[in-house]
Amino acid sequence: MTDVQTSGGESSRRVAFVTGGASGIGRAASLAWAREGVRILLGDVDDAAGEMTVKDIQSAGGEAQYVHVDVCNEADCINAVEQAVKLYGRLDIGFNNAGITGSSHRVGRYPLNEWRRVLDVNLTGVFNCMQAELKVFEQQGAGVIINTSSVIGQRGTAGGSAYSAAKHGVIGLTRSAALEYAGRGVRINAICPGYVETQLVVGEQAGIPSNVLDEKIKRIAARRLGQPEEIAAVVVWLASQAASFVHGSAVDVDGGYLAF
Ligand SMILES: NC(=O)c1ccc[n+]([C@@H]2O[C@H](COP(=O)([O-])OP(=O)(O)OC[C@H]3O[C@@H](n4cnc5c(N)ncnc54)[C@H](O)[C@@H]3O)[C@@H](O)[C@H]2O)c1
């Protein structure tokens, strides 16, 4: 039995720690879980947006708290997980989702400091959170981890070698950890979103020029960008008992992008 059921009193309601929860996919997953009664500890570096998401969850009748977490900082991740356990008495789900695209350069010209930053947030950040979560999950003999990779974790993208390398790494990390922890009651999977309408893709700081995005959309079978809620729905399912036999998978949620 890997997943803890939601039924019962306050203390048996599941608890999720969500990184990158202030915006986009992490925000949508937090709102969706909260609607199911899951209690949320929402971590991000964007404190204003994080607090706003928590307010939105609370206004909708859900339970959530915000904590400043830079996933590159090991101590932040450990502290956040400890805080979740202190606040709610348990932790059931780790959604390791914070990510950045980084700037676009050919490999031969990719600045080493930018390479390190992109790998640090997207890959080492997931590792840092998993280490903190797995300490609790091993003790409980139960828990679910979902790591956010990308379709670019299975394909190359011109100009985005650091992002692609990091997201490929997330899948390798997920599969290896799934093998190590399945026998310890912990289920570990990754999701691979396609192109989703969030700040990362369409925001002012987005790394994808609009003409490139138009070309990408032509390659999506659904001929449109995904919505964060469409990714969140799969994340919520992956964390549920309904997905009890799903271990070590990289689940595509991409409007058919990888079907080509
Ligand atoms: N939007 C897409 O098309 C798409 C596609 C595939 C994968 N993804 C992945 O989905 C995840 C969520 O992205 P999104 O699209 O919702 O983008 P987003 O920009 O809306 O959300 C990302 C969140 O991560 C936070 N963040 C960034 N660096 C952080 C750090 N060091 N520590 C903690 N938080 C940090 C940001 O403040 C932001 O709130 C990312 O891992 C991204 O790579 C997105």
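Around the ligand in this predicted model there are 29 residues, and those that come nearest are Ser23, Asp44, Tyr163, Val196 and Thr198. By class, the shell consists of 14 nonpolar, 11 polar and four charged residues.

Three of the nearest residues have a polar atom whose distance to a ligand oxygen atom is listed below.

| Residue | Part of the residue | Distance to an oxygen atom of the ligand |
|---|---|---|
| Ser23 | N or O atom in the side chain | 2.5 Å |
| Tyr163 | polar side-chain atom | 2.6 Å |
| Val196 | polar backbone atom | 2.7 Å |

On its own, the ligand has 830 Å² of accessible area, and the protein covers 92% of this.

Several helices take part in the shell. At least two shell residues come from each of helix H1 (24–35), helix H5 (161–181) and helix H6 (199–202). The largest share is that of H6, with three residues.

A further element to describe is helix H4, which spans residues 112–140 and has 29 residues. From the first C-alpha of H4 to the last, the distance is 40 Å, close to the 42 Å expected at 1.5 Å a residue. Where does H4 bend? The bend is at aspartate 120 and amounts to about 40°. Just after H4 comes glycine 141, with a positive phi of about 70°.

In summary, the protein covers 92% of the accessible area of the ligand, with Ser23 and Tyr163 placing side-chain atoms 2.5 Å and 2.6 Å from a ligand oxygen atom, while Val196 places a backbone atom 2.7 Å from one.

Terms used
Residues numbered from 1 in each chain as written. Predicted model: local features only at pLDDT ≥ 70, side-chain atom pairs only at ≥ 80, totals over all residues. Heavy atoms only, no water. Near = heavy atom within 4 Å. Polar contact = N/O pair within 3.5 Å; in protein donor to acceptor, adjacent residues only side chain to side chain. Areas by Shrake-Rupley, 256 points an atom, 1.4 Å probe, with all protein chains shown as cover. Helix = DSSP H or I, 4+ residues; strand = E, 2+ residues; numbered from the N terminus. Nonpolar A, V, L, I, M, F, W, Y, C, P; charged D, E, K, R; others polar. Expected span 1.5 Å × (residues − 1). Bend = angle between axes of the 7 residues up to and from the residue.
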